[in-house]
Amino acid sequence: MAEFEILVLPGDGIGPEVTAEGVRALEAIGARFGHDFRTSEELVGGACIDAHGIAILPETIEVAERADAVLWGAVGGPKWDDPRASVRPEQGLLALRSSLGLWANLRPVTVDPALIDSSTLKPEVLRGVDILVIRELTSGIYFGRPQERRRTMEGRRAAVDSMTYNEDEIARVAHLGFQLARARRGRVTSVDKANILETSRLWREVVEEVRPEYPDVELEHVLVDAAAMHLIRRPADFDVVITSNLFGDILTDEASMLAGSLGMLPSASLGEVREDGRGRGLYEPIHGSAPDIAGQGVANPLAMFLCTAMLLRHSCGLEAEAQALEAAVAAAIGDGLRTADIAATGEAGLSTREMAEAVLERLAG
Ligand code: IPM
Ligand code: MG
């Protein structure tokens, strides 16, 4: 029997509601396939600020370093939104990404044909959409220093953020993009702002240097503003997209609308991958804490289930188990089951629990 240590960090808003379902999915997978998932839970984000005055405890980071994987809910909410606060919920997530060295953020965007009408985009634009965004996650403007408030000579308030990249940080993203494209449709789109930013010009240069190692993969460079437009104009043309931290953050929220709802999209944050193809990872739905619906039991648990599937695949090396969970999600959608965010206008949606139960029943077979 294989054993895995999973650190569960529910966080704020709908985080606890959806991670509870993720844990149930792990238990169901364990029961069906004979694995032992040992889960432990800690506070992060606003909940941790309320209890301890910081967004993540150093001991929680240590537990994460020893775990096989981290299942993350969401952090943030109006209670901790003061822009002048020195302690903010998001710091917990950035600290964990950085401490664990999780530089590769994989955000797959696919459109389930049964959900094609849930999107605000026309069905003919959405057919065949299957994109893998690889977002650089531990550098760029999120981590560049200085990042601070200043005063101008005249005493006006000013602020600075720094966007920095070195060649190694770019090269590893490029390699991963080319490698993953080989197992897909063989196309990489590198997104930058090379007409303006020096970091983007370096990005493009390094991607070009990596390219000759992958002569079988097609590469195009697209400026981020144009990429934002093409993502909703011709999304089916994209295969693998590689981009920097900030651009990836923005473009993946946009891309989530292709799938009909933010409630559908998982993400995996990975660092070094071992020889056996596995690596420690953090798995987080991209929907965030959704304070407007928190505590109501109506959040869509499917992104969390798909995160759990990615966890099984990338951190536990359990491909068949991952596929079984993904198939159970697809079967529930195929049978017409919907939470409010993906239900037809005017139709009541299932609760988080009901939707999760429907998936877990299909998982049990
Ligand atoms: C994401 C989120 C985070 C980010 C926030 C919560 C720090 O928006 O994972 O996309 O900006 O990276
Ligand atoms: Mg984001």
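In this predicted model, the protein chain has 365 residues and a radius of gyration of 20 Å, which agrees with the value near 21 Å that a compact globule of that length would have. Taken along the principal axes, the C-alpha atoms of the chain fill a box of roughly 60 × 50 × 50 Å. The secondary structure of the protein chain comprises 12 helices and 12 strands.

The space taken by ligand 1 is the largest pocket. Around ligand 1 lie Glu90, Arg97, Arg107, Arg135, Tyr142, Asp249 and Glu284, and when the residues of this shell are divided by character, six are charged, one is nonpolar and none is polar. The nonpolar member is Tyr142, because tyrosine counts as nonpolar in the classification applied here, whereas Asp, Glu, Lys and Arg count as charged.

Several of these side chains approach oxygen atoms of the ligand. A polar side-chain atom of Arg107 is found 2.8 Å from an oxygen atom of ligand 1, and for Asp249 a polar side-chain atom lies 2.9 Å from an oxygen atom of the ligand. In the case of Glu284, an N or O atom of the side chain is 3.2 Å from an oxygen atom of ligand 1. These three distances count as polar contacts because the cut-off for a pair of N or O atoms is 3.5 Å. Taken alone, ligand 1 exposes 320 Å², and the protein buries 77% of that area.

Two features of the backbone may also be described. Most peptide bonds are trans, and most residues other than glycine have a negative phi. The peptide bond from Arg145 to Pro146, however, is cis, with omega near 5 degrees, and Pro146 belongs to the loop between strand 5 (130-136) and strand 6 (148-151). Ala290, although not a glycine, has a positive phi of about 40 degrees, and this residue is placed in the loop that runs between strand 12 (281-283) and helix 10 (302-314).

Methods:
Residues are numbered from 1 along each chain as its sequence is written. Chains are lettered from A and ligands numbered from 1 in the order in which they are written. This is a predicted model: local features need pLDDT of at least 70, side-chain atom pairs count only at pLDDT 80 or more; totals for chains, interfaces and linings use all residues. Side-chain values use heavy atoms; hydrogens and water are left out. A residue is near a molecule or strand if one of its heavy atoms lies within 4 Å of it. A polar contact is a pair of N or O atoms within 3.5 Å; within protein, one must be able to donate a hydrogen and the other to accept it, and residues adjacent in sequence count only if both atoms are side-chain atoms. Accessible areas come from the Shrake-Rupley method with a 1.4 Å probe; for residues, only the protein chains shown count as cover. On a 1 Å grid over the protein atoms alone, a cavity is a set of points where a 1.4 Å probe fits but cannot get out, and a pocket is an open set with protein on both sides within 12 Å along at least five of seven lines; lining residues have an atom within 4 Å of a point. A molecule sits in a cavity or pocket if more than half of its atoms lie within 2 Å of its grid points. Helices (H or I, at least four residues) and strands (E, at least two) are DSSP runs, numbered from the N terminus. The radius of gyration is taken over C-alpha atoms; the globule rule is 2.2 Å times the number of residues to the power 0.38.
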